[in-house]
Structures are given as C-alpha cells and as structure tokens.
Amino acid sequence: MAVIPVALGGRSYDVHIGSGLLDRVATTAGALLRKRRVPVVADAQAWAHHGARLEHSLGQAGREVALYRVPPGEGAKSWGGLARLTDWLLTEGVERGDHVLALGGGVVGDLAGFACAILKRGCGFVQLPTTLLAQVDSSVGGKTAINTGAGKNLIGAFHQPALVLADLDTLATLPGRELRAGYAEVLKYGVLGDRGFFDWLWDKAPAVLALQSDALEQAVATSIAAKARIVAEDERETTGARALLNLGHTFGHALEAETGFSARLLHGESVALGMVLAARFSARRGLITGSDAGQITAAVEAAGLPAEIAALGLACDGASLVKHMRHDKKMDAGALPFVLLRGIGAAFLAHDVELADVTAFLDEQLCTQ
C-alpha cells in the first residue's frame with residue numbers, strides 16, 4: 001500500500017492506495033466518524049458492487065450506514081440533485097463536525113463534496129473513489145461542483161476531503177471502456193510533466209489496463225503524487241501551476257458539450273482526444289516536433305482511446321466547438337488560456353492563443369479521415 005500526503009497546511013490529508021481499503025474503512029477513517037450512524041452518499045452501481053464490503057467494515061465497528069443512492073451519470077450533478085442531497089443530509093442531522101462518506105466515481109465525489117462544502121457552511125467528507133478516473137484525478141484536490149445548462153462544473157467550490165481511500169480492488173468491476181477512460185488521466189500526468197513516466201507507461205500500459213497489481217499501484221500512486229505536488233503548490237489555481245492539469249480539457253470539454261455530455265463520449269475519452277489535439281496544435285505552432293505529437297497520438301491509440309476527432313462523426317464545424325470553449329470557466333478578461341506543450345513532459349500555459357486559429361485548426365481536424 002502507498003500513502004501520498006497532500007500538503008495544504010491545516011487542510012492537509014492523506015491518500016491511501018492499495019487493495020482491501022474498503023474492508024478497513026472503519027479503522028482507517030474511524031477517528032473521523034463521530035456517530036454510530038454514518039452518512040454514505042453512493043453511486044447506485046458502486047453500492048451494488050461494493051456496498052456490502054463497506055457496510056460490513058462499519059458494522060464490525062458497531063456502526064450502521066445511512067445510505068443515499070445517486071443515480072449514475074452526469075445528470076445527477078444538477079441543482080435538483082444538490083437540493084435533494086442537502087435536504088437528506090439535513091434530515092440525517094449531519095453537523096459541521098461530521099464526515100460524509102462518498103462512494104463512487106467523479107460524479108458522486110463532485111456532488112457530495114459540493115453538498116458538504118455548503119452544508120452549514122461546511123462539513124467534512126471522505127472520498128472512496130471506485131473508478132480509475134476518480135482515483136487519479138477528481139478525488140484529490142478539492143474541486144467540487146455541479147453542472148448547469150450553461151456548462152459543466154460551472155457552479156462549485158474548493159472543499160478538500162479529510163481522507164481519500166483509493167481501493168484498487170474496486171477497479172475490477174469497471175467495464176473496459178471506463179477503465180480505459182480513466183487511464184487517459186494517468187497518461188496525462190506523463191504528457192504534461194514527466195517524460196520518464198510517459199516512457200514507463202509506453203511499456204507498462206497493457207499491465208496497468210490488465211489490473212496487474214504492481215503496475216497498477218505504481219501508475220495510480222505516481223499519478224496521485226504528481227497531482228498532490230501541483231495542488232500543494234497552487235491549491236486554488238491562482239498561479240497557473242494547477243492549470244496544467246487541464247491539459248486536454250479545453251478541447252475535450254468542447255467535444256463533451258457537442259455530444260451532450262452523454263455516453264457517446266466519456267470524460268476520459270474526451271481528455272485523451274483533447275491531449276492529441278493539444279499536441280497537434282502545439283506542433284502546428286512550432287512548439288513541439290511532429291514526432292512528439294505522433295508519439296502522444298500513438299500512446300492514446302495503443303490504450304484503445306479515441307485519437308481522431310473526425311471519427312466522432314460530429315455534425316459541426318470548428319466555430320461551433322470554439323463557441324463551447326467560450327463558456328469555459330477558465331475564461332479570463334475575454335481570453336482563454338490553453339495548456340500546450342514544448343515537448344513530452346513539458347506543458348505550459350499559453351495566453352496568446354487566438355480563437356480564430358483554434359477554429360481553423362479544428363476545421364482541419366474535423367475533415368481529416
């Protein structure tokens with residue numbers, strides 16, 4: 001098992017990575033659980049797979065579960081979903097000193113985390129991520145949010161968890177497509193800041209995706225350690241360091257919006273394709289070589305992830321995708337910064353990108369067969 005600290009002064013916490021962590025929740029998180037009845041906010045599918053383990057662990061310590069099931073999908077991250085959850089937490093008598101357990105993927109972590117951020121001006125929560133994407137990305141760093149008609153994650157707050165328990169055993173229940181989507185975020189850490197990790201993944205990707213324990217734990221721990229360093233340096237994304245974690249997301253979110261945030265394109269798939277587009281756009285601007293862009297494309301394709309925008313069959317043009325980008329929460333004084341590359345493992349924040357150039361580039365990519 002690995003333990004990665006997220007160093008944030010009085011808001012610091014640990015991320016535990018390993019097998020069997022759900023079976024030890026009552027021990028590991030016991031100091032945070034003040035009452036016999038423990039509020040658990042769980043994705044309905046995650047609860048079906050893993051709820052018995054969590055319930056048994058808590059039961060062994062003389063505690064019982066107060067369960068709130070969240071339906072799968074981004075639709076749960078809505079004003080209505082937030083209202084229903086906060087009303088339930090209030091009915092359960094959750095107090096500021098209590099901690100809510102969030103079991104599931106990024107949707108549950110975001111929704112439960114935001115509810116805990118605003119409930120009585122803030123109560124605690126523990127992340128129990130059950131997807132690879134949530135384990136290496138959304139469960140760490142304190143970003144919580146819901147979606148609105150204007151876009152994804154536009155209403156939210158920074159609210160750090162008190163503890164993260166990433167049980168690798170939960171990944172065995174994931175469909176292959178979801179596992180590959182989560183792997184996109186693992187690959188992202190190599191592309192944006194660690195050429196050695198990128199090269200390691202080139203060799204070990206099959207083992208990681210086959211859930212071989214040693215390779216999987218190293219991949220997850222390396223990813224979380226990278227995110228923890230960046231979050232500790234720039235918790236609220238004010239210096240530009242944390243913005244590097246958005247590699248692939250500006251292009252990716254536009255593609256998600258165009259596909260209606262649906263199962264047609266999973267978030268991790270959009271990030272993978274967004275990284276390819278960021279690499280090709282960087283090459284177009286003479287920042288990296290075509291060879292580097294090709295290696296990133298090949299790494300994405302080798303993991304079974306989408307690497308060609310034209311293959312999505314979108315009925316839109318570059319201007320339509322750029323219109324989605326204009327709603328990006330990173331817009332600042334009418335300008336949108338882009339995470340681009342000077343090489344594999346060398347991402348930077350570019351503030352001089354003209355959206356007209358992005359439009360022309362996307363038109364080219366949409367026409368590529």
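Before I start on the rings, a word on terms: when I say helix, I mean a DSSP run of H or I that is at least four residues long, and the helices are numbered from the N terminus. Please also keep in mind that this is a predicted model.

Let me begin with helix α7, which covers residues 195-209 and holds both F197 and W200, three residues apart, or about one turn of the helix. If we count two rings as a pair when their centres lie within 6.5 Å, the count comes to six aromatic pairs. One of them is formed by F197 and W200, whose rings are stacked, with 5.9 Å from centre to centre and 15° between the planes. As for their surroundings, F197 and W200 are both buried.

A second pair to look at is that of F251 and F361, which is edge-to-face, with the centres 6.1 Å apart and 65° between the planes. Here F251 belongs to helix α9, residues 249-258, while F361 belongs to helix α13, residues 355-367, so this pair ties together parts that lie 110 residues apart in sequence. Both F251 and F361 are buried, and ring pairs link these two with F281 and F338 into a cluster.

Finally, I would like to turn from ring pairs to charges that sit over rings. In the case of R342, the charged end is placed over the ring of F348, at 3.7 Å from the ring centre. Likewise, the charged end of K188 sits over the ring of Y189, and there the distance to the ring centre is 5.1 Å.

Key: Residues numbered from 1 in each chain as written. Predicted model: local features only at pLDDT ≥ 70, side-chain atom pairs only at ≥ 80, totals over all residues. Heavy atoms only, no water. Phe/Tyr/Trp six-rings, centres within 6.5 Å; stacked < 30°, edge-to-face > 60°. Helix = DSSP H or I, 4+ residues; strand = E, 2+ residues; numbered from the N terminus. Buried < 20%, exposed > 50% of the residue type's maximum accessible area, 1.4 Å probe, protein only. Lys NZ or Arg CZ within 6 Å of the ring centre and 35° of its normal.
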